[in-house]
Amino acid sequence: MADQPHHPVLLEEVVEAMNIREDGYYLDATAGRGGHVAAILEKLGADGRILALDRDPQAVAAVTKRFTSDSRVQVRQANFSSLSDVLQPGECFSGILFDFGVSSPQLDDASRGFSFMQDGPLDMRMNPADHPSAAEWLATAEHHEIRDVLRRYGEEKHAHRIAWAIVDARADDALETTAQLVALIKKVVSARPQDKHPATRSFQAIRIRINKELEEIAAVLPIALDALCVGGRLLAISFHSLEDRIVKRFLRDQARGDDLPKEIPIRDADRNPRLRLVGKPVRASVAEIDENPRARSAIMRVAERLPQSREVA
Ligand SMILES: C[S@@+](CC[C@H](N)C(=O)[O-])C[C@H]1O[C@@H](n2cnc3c(N)ncnc32)[C@H](O)[C@@H]1O
């Protein structure tokens, strides 16, 4: 099930916003199946290079296979928060892309446990070598931890009751499959036909917790900024407000520069901003959403690294 397609979102918009130099060195920090990598490669010359990262070994295998004959592509399995470990001293990127969240192959493969639509092991790990899996976590997490995760990462109104249902159920039988969890949520949450599937929010929340998705984003943004060459672009595509809020705040703070008291009379440039925001947030066109409904919730923010008027010691 490793080679199902993934429709890369905002493909043309990514290529345009990246402002690609033929001889540039680019990072796709969430390579997936390599859709964005392929589009960036089309604009690169023989001296251009791209580093494709993913934490998922299946994605890494698929991208390695796809670009095996292109020496401009280097593929690495890593969490993007460990970016500093993969960058050689003195190197910087001309552009960095993040396309957060899960890929279609991850969602569509029942054995990965991401989907409430298909029965499979309750796993949800992007990298199956990481622990805990969803089943391992749900077996031991306390009621309040489960409740807080469902509330915070899923904005689930019934978090309290779902968490009790999980704690009660596991006293009798281990929760090992997605179908077990779905059945349990359905008992607690009644949904009208026009509503989202009642397990949508809980599955999103548990997946975010298992993969520490928000911690990864918060950790990587300052590292990515340091790894950008002056004039290099940072592109971040988010799929829900929790991701986008982290990106938006980070870019805003870096574009504002040093947080000095308002009464200090200095020009904006003297606040030493590290980024310039490029354009407005970008959303998918109606045509793209028609073709790929997943693009509906995508929002891309773009910023450019500025030269430093003074470097922080
Ligand atoms: C939405 S998909 C990217 C799809 C890709 N742009 C394409 O065109 O095929 C997100 C990918 O990011 C990976 N990913 C998510 N969080 C990651 C992290 N912290 N470090 C590295 N890869 C991550 C996932 O494993 C998944 O393959």
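## Ligand, rings and charges in a predicted model

Of the 25 residues around the ligand, those that come nearest are His36, Asp54, Phe80, Asp99 and Glu216. The structure described here is a predicted model, and every distance and angle below was computed from its atoms.

Three polar contacts give a first impression of how the protein meets this ligand. On the side of the backbone, an N or O atom of Arg33 lies 2.8 Å from an oxygen atom of the ligand, while a polar backbone atom of Arg55 is 3.2 Å from a nitrogen atom of the ligand. Gln106, by contrast, takes part through its side chain, of which a polar atom lies 2.8 Å from an oxygen atom of the ligand. How much of the 600 Å² of accessible area that the ligand has on its own does the protein cover? The protein covers 99% of that area.

### Aromatic rings

A pair of aromatic rings is described by the distance of the centres and the angle of the planes. The structure holds five aromatic pairs. One of them joins Tyr25 and Phe93, whose ring centres are 4.7 Å apart and whose planes stand at 40° to each other, so that the pair counts as tilted, since planes under 30 degrees apart would count as stacked and those over 60 as edge-to-face. This pair links distant parts of the chain, with Tyr25 in strand 1 (residues 25–28) and Phe93 in strand 4 (residues 93–99), 68 residues apart. Tyr25 is buried, as is Phe93. Tyr25 also has a charged neighbour, for Arg49 lies over the face of its ring at 3.9 Å from the ring centre.

Another aromatic pair, formed by Phe98 and Phe100, is stacked, with 5.5 Å from centre to centre and 20° between the planes. Phe98 and Phe100 are both buried, and ring pairs link these two residues with Phe80 into a cluster. Phe80 has already been named among the residues that come nearest to the ligand. Elsewhere, the charged end of Arg294 sits over the ring of Phe239, at 4.1 Å from the centre of that ring.

### Salt bridges

Side chains of opposite charge can pair when their charged atoms come close. The structure holds 14 salt bridges, and the table lists three of them.

| Acidic residue | Basic residue | Distance, N to O |
|---|---|---|
| Asp148 | Arg147 | 3.1 Å |
| Asp195 | Arg192 | 3.0 Å |
| Asp226 | Arg274 | 3.0 Å |

Which parts of the chain does the salt bridge between Asp226 and Arg274 tie together? Asp226 lies in helix 11 (residues 213–227), whereas Arg274 lies in the loop between helix 12 (241–256) and strand 6 (275–277), so the pair ties together parts that are 48 residues apart in sequence. Asp226 counts as exposed because its relative accessibility is 53%, and the cut-off for exposed is over 50%. Asp148 is partly exposed, with a relative accessible area of 23%, and Asp195 is partly exposed as well, with a relative accessible area of 30%. In addition, Arg233, Arg276 and Glu304 are joined into one network by salt bridges that share partners.

### Backbone details and loops

Most residues other than glycine have a negative phi, and most peptide bonds are trans. Asn19 is not a glycine and yet has a positive phi of about 55°; Asn19 is placed in the loop between helix 1 (11–18) and strand 1, and at 48% relative accessibility this residue counts as partly exposed. Met124 likewise has a positive phi, of about 70°, although it is not a glycine.

Is Met124 buried or exposed? Met124 is buried, with a relative accessible area of 0%, and this residue is found in the loop between helix 5 and helix 6. The loop between helix 5 (104–108) and helix 6 also contains Pro132, and the peptide bond from His131 to Pro132 is cis, with omega near 5°.

A further loop, between helix 6 (134–140) and helix 7 (143–154), holds Ala141. Ala141 counts as buried because its relative accessibility is 2%, where buried means under 20%. Between the C-alpha atoms of Ala141 and Gly101, which are 40 residues apart along the chain, the separation is 23 Å.

Conventions. Residues are numbered from 1 along each chain as its sequence is written. This is a predicted model: local features need pLDDT of at least 70, side-chain atom pairs count only at pLDDT 80 or more; totals for chains, interfaces and linings use all residues. Side-chain values use heavy atoms; hydrogens and water are left out. Rings of Phe, Tyr and Trp (its six-membered ring) pair if their centres lie within 6.5 Å; planes under 30 degrees apart count as stacked, over 60 as edge-to-face and the rest as tilted. Helices (H or I, at least four residues) and strands (E, at least two) are DSSP runs, numbered from the N terminus. Buried means under 20% relative accessible area, exposed over 50%, partly exposed in between (1.4 Å probe, protein chains only). A charge sits over a ring if NZ of Lys or CZ of Arg is within 6 Å of the ring centre and within 35 degrees of the ring normal. A residue is near a molecule or strand if one of its heavy atoms lies within 4 Å of it. A polar contact is a pair of N or O atoms within 3.5 Å; within protein, one must be able to donate a hydrogen and the other to accept it, and residues adjacent in sequence count only if both atoms are side-chain atoms. Accessible areas come from the Shrake-Rupley method with a 1.4 Å probe; for residues, only the protein chains shown count as cover. A salt bridge is a side-chain nitrogen of Lys or Arg within 4 Å of a carboxyl oxygen of Asp or Glu.
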